[in-house]
Amino acid sequence: MILLNGKPQDLIPASDRGLHYGDGVFETLAINNGKPQFWTAHMERLLDGCSRLVIPLPDVACLKAETTQVADGCERAVIKIIITRGSGGRGYRPPASPEPQRLVMHYPWPDYVVPQEGITLRQCLTPLSCNPRLAGIKHLNRLEQVMARAEWGDDLVHEGLMLDLDGNVIEGTMSNLFAVRNGVLLTPDLTRCGVAGVMRHQVLLLAHKLGITCEIVQLRAAELEGMDELFVTNSVIGIWPVSCLGEARYGEAPITQRLISALNLMMEQK
């Protein structure tokens, strides 16, 4: 099912600025046991994105009702919420009185096949551009991720690692990255670019509860070879351990497994 402004419809005006300029934001969230997961965190990021782009804020209660309607009867599913600025005349200047469009879409749960020992990660050639004013939010312009994901077609490679223009590790094409070194959990600084993932935030909270020291740092690609553990996260996949990145291999992952167990327990209790 697809709802456009609350009505079953899959056609959006050709003049919509989301189509023309990527002028909007989106959220992708998991439905587990028939309920949206981490709803509040997703809405906080969605509203932050709208605020930063100066798009009138959507009604969160309305979005919750529409999400519930679209997910009705589904034990597990993926829901995508898109907010665009709406239609406007030709040119980049936003309309003085925008009329945002909201879409709520249902997708079946993905059939990812993940090896028990962990996924294979590769480094992408496509860099992420730096723009602190857009860093953290999920705006609709995802061309860098599209280009990076087009770099490989091997189903045995599960995710690609993206760097910024200065060679700092930022994130995966669809995920955030974590590393463990000497018992300390590390994740890249996202103040200049990248998406501040909802699951990334949850993992940081879980690590704090478990007494695992966490640091947000700048990481270079060469440093990852010396890490004890790597894993990636997003709201749909949860936590994926990494077994291989280039020539580097990662075996036992005790901290990753502690976090997976804590996340699974938290999800069961929701």
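Start by selecting leucine 245, which is buried at 12% relative accessibility. You're looking at a predicted model here, so keep that in mind as you click around. Leucine 245 is in strand β15. Show its surroundings and you'll find contacts with Leu121, Arg122, Gln123, Leu161, Leu224, Leu230 and Tyr250, leaving aside residues up to four places away in sequence. For a sense of scale, draw a distance from leucine 245 to leucine 143: the two are 102 residues apart along the chain, and their C-alpha atoms are separated by 24 Å.

**Next stop: the core**

Now pick leucine 230, one of the contacts of leucine 245. Setting aside residues up to four places away in sequence, leucine 230 touches Phe178, Ala179, Leu224, Pro241, Val242, Leu245 and Tyr250. Zoom out to the largest nonpolar core, which has 22 residues. Which of them touch the most other members? Select Leu161, Val169, Leu224, Met227, Leu230 and Tyr250. To see where the core comes from, color the elements that give two or more residues to it: β7, β8 (159–163), β10 (176–181), β11 (184–188), α6 (221–224), β14 (229–234) and β15 (238–245). Strand β15 gives the largest share, three residues. Apart from this core lies another one, of 21 residues; Val180, Leu185, Val203 and Met266 are among them.

**Out to the surface**

Swing round to Tyr112, Val114 and Met174 and turn on the surface. These three form a nonpolar patch there, with about 240 Å² of accessible area together. Tyrosine 112 is in the loop between β6 (101–108) and β7 (119–123). Is tyrosine 112 buried, partly exposed or exposed? With a relative accessible area of 42%, tyrosine 112 is partly exposed.

**Salt bridges**

Time for the charged side chains. There are nine salt bridges in the count, and a few are worth a visit.

- Select aspartate 48 and arginine 52. They form a salt bridge, with the closest N and O atoms 3.1 Å apart. Both are in helix α2 (residues 39–53), and because they are four residues apart, about one helical turn separates them. Aspartate 48 is partly exposed at 32% relative accessibility, and arginine 52 is partly exposed at 31%.
- Move to glutamate 66 and arginine 102, whose side chains meet in a salt bridge at 2.7 Å, N to O. This pair links distant parts of the chain, 36 residues apart: glutamate 66 is in helix α3 (residues 60–70) and arginine 102 in strand β6. Glutamate 66 is buried, at 5% relative accessibility, whereas arginine 102 is partly exposed, at 22%.
- Then try arginine 192 and aspartate 164, which meet in a salt bridge at 3.6 Å, N to O. Here too the pair links distant parts of the chain, with the two positions 28 residues apart in sequence: arginine 192 is in the loop between β11 and α5 (198–210), and aspartate 164 in the loop between β8 and β9 (168–172). Arginine 192 is partly exposed at 33% relative accessibility, while aspartate 164 is buried at 5%.
- Finally, select Arg17, Asp23 and Arg85 together, since these are linked in a network of salt bridges.

**Checking the cysteines**

How many disulfides does the structure hold? Zero. Select cysteine 62 to see why: the closest cysteine sulfur, in cysteine 50, is 13 Å from the sulfur of cysteine 62, which is too far for a bond. Cysteine 62 is partly exposed, with a relative accessible area of 25%. Cysteine 124 is in no disulfide either, and the nearest cysteine sulfur, belonging to cysteine 193, is 14 Å away. Cysteine 124 is buried, at 6% relative accessibility.

**Last stop: helix α3 again**

Go back to helix α3 and select alanine 61, which is in that helix. Alanine 61 is exposed, with a relative accessible area of 56%. To finish, draw one more C-alpha to C-alpha distance, from alanine 61 to glutamate 268: they are 207 residues apart in sequence and 25 Å apart in space.

Terms used: Residues numbered from 1 in each chain as written. Predicted model: local features only at pLDDT ≥ 70, side-chain atom pairs only at ≥ 80, totals over all residues. Heavy atoms only, no water. Patch = residues over 30% accessible without salt bridge, like charges linked within 9 Å, V, L, I, M, F, W, Y side chains within 5 Å. Areas by Shrake-Rupley, 256 points an atom, 1.4 Å probe, with all protein chains shown as cover. Salt bridge = Lys/Arg side-chain N within 4 Å of Asp/Glu carboxyl O. Buried < 20%, exposed > 50% of the residue type's maximum accessible area, 1.4 Å probe, protein only. Core = buried A, V, L, I, M, F, W, Y, C linked by side-chain atoms within 4.5 Å. Contact = heavy atoms within 4.5 Å. Disulfide = S-S within 2.5 Å.
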